Amino acid sequence: MVQKSVQLSTGYQIPVAGLGTWQSPEGVIGKVVKTALDTGYRHLDCAQGYGNEAEIGDALEEYYKTSSLKREDIFITSKVWNTCHSYERCCQSVEDILHRFKTNYIDLVLIHWPHGFQEGGELFPRVGDQIQYSDVDYLETWKALEKKVEEGKIRSIGLSNFNIAQIQRVIDNGKIKPVALEVEAHLYFQQKELRKFCQENNIVFIAYSPLGSPGSTGFWRQAHSEVNVLKDPIVLNLSKKYQKSPAQIILRWELQNNILIIPKSTNEARLQENFDLFDFNISGDDMKQLDQ
Ligand SMILES: NC(=O)c1ccc[n+]([C@@H]2O[C@H](COP(=O)([O-])OP(=O)(O)OC[C@H]3O[C@@H](n4cnc5c(N)ncnc54)[C@H](OP(=O)(O)O)[C@@H]3O)[C@@H](O)[C@H]2O)c1
């Protein structure tokens, strides 16, 4: 049976199905968050780099006033961006996140990417078309996050876009173990080795782009922009068999594999669809087909 939430190694519960907020623009995201909360979502996947946290913070503040929900009913994830990897900047970045969400703690903060960018300016600092990297070690960023945990400003800390060797380095050198890893994962990118490693190390595995990010274009999907897991023939067959949408088959397969999901939608019907996952079960044989 799929639980609606699982326990992190810090003891806190994280809902298994959350709302992705990347590419949900300002002017839209506030309403989306309120609709998602109405629908039952209690986990928001956010980031400094998405440029919309302030509007999400405003929407939450309004929602607390007009509903019975309180801050502690909602699990907020945010991420420290690549231009904030040095100790001081990372600490300041966490303070800025708290400010945007008008809260005194964040449930989960991740290092968004293992590599740092040159600090102080644009989100993507470039000279010509060359990204300018920094040489700040992510262990320094991790120390800053540990400090914020000690101060009670973050409940749990984790990693995003890290590989096994990088995660192991954090485990070996940090005071606090990462509770979660957020990486791209879906039917066409199953990340079996990384999932096994996470399971062995009590790290909750969160799939970003759990539907394969069909709306993304350009820089992010140049190589495979024609590939769409929602149109996979096996998925379409199972969609007919279970009378569920292709997205629901894919998301349910993830949940039954102990993968947490954070699909993004700004569409009311699809927000509902992506959360309506708890009243059916994909059989063992059909799971095997999808696993392959
Ligand atoms: N840590 C990281 O580095 C990282 C990187 C990428 C993403 N993320 C997180 O993961 C979240 C999800 O990833 P993602 O946004 O890349 O991709 P995704 O959730 O796999 O796909 C979102 C796309 O699918 C469409 N969609 C949503 N529900 C659908 C449904 N039921 N049927 C058909 N199409 C549907 C959405 O369009 P509509 O909005 O029109 O419905 C949107 O174009 C992000 O929002 C972000 O929070 C994290």
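**Cysteines and two helices**

Student: How many disulfides does the structure hold?
Tutor: The structure holds zero disulfides, a disulfide being a pair of cysteine sulfur atoms within 2.5 Å. This is a predicted model, in which local features need pLDDT of at least 70 and side-chain atom pairs count only at pLDDT 80 or more, while totals for chains, interfaces and linings use all residues. Residues are numbered from 1 along each chain as its sequence is written, and side-chain values use heavy atoms, leaving out hydrogens and water.

Student: OK, so which cysteine sulfur is nearest to that of Cys84?
Tutor: That is the sulfur of Cys90, which lies 7.6 Å away, and Cys84 is in no disulfide.

Student: And why does Cys91 make no bond with the closest cysteine sulfur?
Tutor: The closest one is again in Cys90, but because it is 5.9 Å from the sulfur of Cys91, it is too far for a bond.

Student: Are Cys84 and Cys91 buried or exposed?
Tutor: Cys84 is buried, with a relative accessible area of 5%, and Cys91 is buried as well, at 10%. Here buried means under 20% relative accessible area, exposed means over 50%, and partly exposed is in between, using a 1.4 Å probe and protein chains only.

Student: Switching to helices, what span should α4 have?
Tutor: Helix α4 has 13 residues, 138–150, so at 1.5 Å a residue it should span 18 Å, and its end C-alpha atoms are indeed 18 Å apart. The expected span is 1.5 Å times one less than the number of residues, and helices (H or I, at least four residues) and strands (E, at least two) are DSSP runs numbered from the N terminus.

Student: What's at the start of α4, and what comes just after?
Tutor: At the start, a side-chain oxygen of Asp137 reaches to within 2.9 Å of the backbone nitrogen of Leu139, and just after the helix Gly152 takes a positive phi of about 80°.

Student: Which residues of α4 are buried, and what covers them?
Tutor: Among the buried ones are Tyr138, Leu139, Trp142 and Leu145, and their cover, counted by contact (heavy atoms within 4.5 Å), includes β5, α3, β6, β9 and α5.

Student: How about α2, what span should that one have?
Tutor: Its 14 residues, 53–66, should span 20 Å, and the end C-alpha atoms are 20 Å apart, which agrees.

Student: Which residues are buried in α2, and what covers them?
Tutor: Glu53, Glu55, Ile56, Gly57, Ala59, Leu60 and Tyr63 are buried, under a cover that includes α1, β4, β5 and α3.

Definitions and conventions
A polar contact is a pair of N or O atoms within 3.5 Å; within protein, one must be able to donate a hydrogen and the other to accept it, and residues adjacent in sequence count only if both atoms are side-chain atoms.
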